[in-house]
Amino acid sequence: MSAPSPSGRPSGPSSATVERPSTALVRRARKVDRALAETYPDARCELDFADPFELLVVTVLSAQTTDRRVNATRPTLFAAYPDAPAMAAADRADLERILGPLGFFRAKTESLLKLSAALVADHDGQVPPRLEDLVKLPGVGRKTANVVLGNAFDVPGITVDTHFGRLARRLGWTDETDPVKVEHAVGALFPRRDWTMLSHHLIWHGRRRCHAKKPACGACPVSHWCPSFGDGPTDPVAAAALVKTQGPA
């Protein structure tokens, strides 16, 4: 039985809107996830956070930059603005100065000011634990909402970033390119309880081995089940040279 969201309704795709996948595809997909879980036992959200507000903010900031750069900025940011009321009242110039190293700092400053103001006005300064409320916040889409739900509230969600979408197609789980359709198609292959960790497994694999331009096919733990095997070097030595031990700098 599907686990409900805090609102009492499922937070993810409904099986009624997705074509039922074949048993063979379901079995293959779950074998891949089990192998990735063994390969990346420490898989988790690579953004540092202390509470739902911090996770929401750093996830918004992670667009067009790396998690490590956001993590480096985080201590200064939240020392100055620890909660939504403080950030909503922030001096724009001071906030821009803190966000400067991330790039697009003016646009990101505007996003955080609007987001924090909306939290104060509509949710008493608290991050709502429901998908339908999160996606109404300025600058928050389903990807960001599912990151927050899965990692701050333990509400299962699928995070379709560029890595997840690329791997879902390479693995033959879906042909869809629209993130919402990818979320629905992949969600139909797995129990709801597995969605958050599945997201981490695929994202970690995409950052470390299954790269966009040259995947490390010869060093891939799921090559046996991958219809795209051969897109990158299949020689174990050549492939091993492409493997990264952590996400992008």
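In this predicted model, Arg 74 and Glu 54 form a salt bridge, and their closest N and O atoms lie 2.8 Å apart. The two residues come from distant parts of the chain: Arg 74 sits in helix α3 (residues 67–80), while Glu 54 belongs to helix α2 (residues 52–61), and 20 residues separate them. Both Arg 74 and Glu 54 are buried. In general, side chains of opposite charge can pair when their charged atoms come close.

A second place to look is around Arg 130, which takes part in two salt bridges described here. One is with Asp 133, where the closest N and O atoms are 2.8 Å apart. The other is with Glu 132, and there the closest N and O atoms are 3.7 Å apart. A salt bridge requires a side-chain nitrogen of Lys or Arg within 4 Å of a carboxyl oxygen of Asp or Glu, so a pair at 3.7 Å counts.

The surroundings of these residues can be read from their accessibility. Residues under 20% relative accessible area are called buried, and those over 50% exposed, with partly exposed in between. Asp 133 has a relative accessibility of 15%, and therefore counts as buried. Glu 132, at 25%, counts as partly exposed. Arg 130 is also partly exposed, because its relative accessibility is 27%.

Salt bridges can also join into a network. Here Glu 46, Asp 67, Arg 207 and Arg 208 are linked in this way. In total, the model contains 10 salt bridges. Across the whole chain there are 32 positive and 27 negative side chains, and the centres of these two sets lie 6 Å apart.

Now consider the fold as a whole. The chain has 12 helices and 0 strands, so along the sequence one helix element follows another, in the pattern α-α-α-α-α-α-α-α-α-α-α-α. The radius of gyration is 19 Å, close to the 18 Å that the globule rule gives for 249 residues, so the chain is as compact as a globular protein of that length. Taken along the principal axes, the C-alpha atoms fill a box of roughly 55 × 45 × 25 Å.

What percentage of the 249 residues in the chain is buried? The buried residues make up 49%. Among contacts with a separation of 6 or more, 62% are between residues 24 or more positions apart. The accessible surface of the chain comes to about 12200 Å², and carbon and sulfur atoms account for 51% of that surface.

Conventions. Residues are numbered from 1 along each chain as its sequence is written. This is a predicted model: local features need pLDDT of at least 70, side-chain atom pairs count only at pLDDT 80 or more; totals for chains, interfaces and linings use all residues. Side-chain values use heavy atoms; hydrogens and water are left out. Helices (H or I, at least four residues) and strands (E, at least two) are DSSP runs, numbered from the N terminus. Buried means under 20% relative accessible area, exposed over 50%, partly exposed in between (1.4 Å probe, protein chains only). The radius of gyration is taken over C-alpha atoms; the globule rule is 2.2 Å times the number of residues to the power 0.38. Contact means heavy atoms within 4.5 Å. Accessible areas come from the Shrake-Rupley method with a 1.4 Å probe; for residues, only the protein chains shown count as cover. Lys and Arg count as positive and Asp and Glu as negative; His and the chain ends are not counted. The place of a charge is taken as NZ of Lys, CZ of Arg, CG of Asp or CD of Glu.
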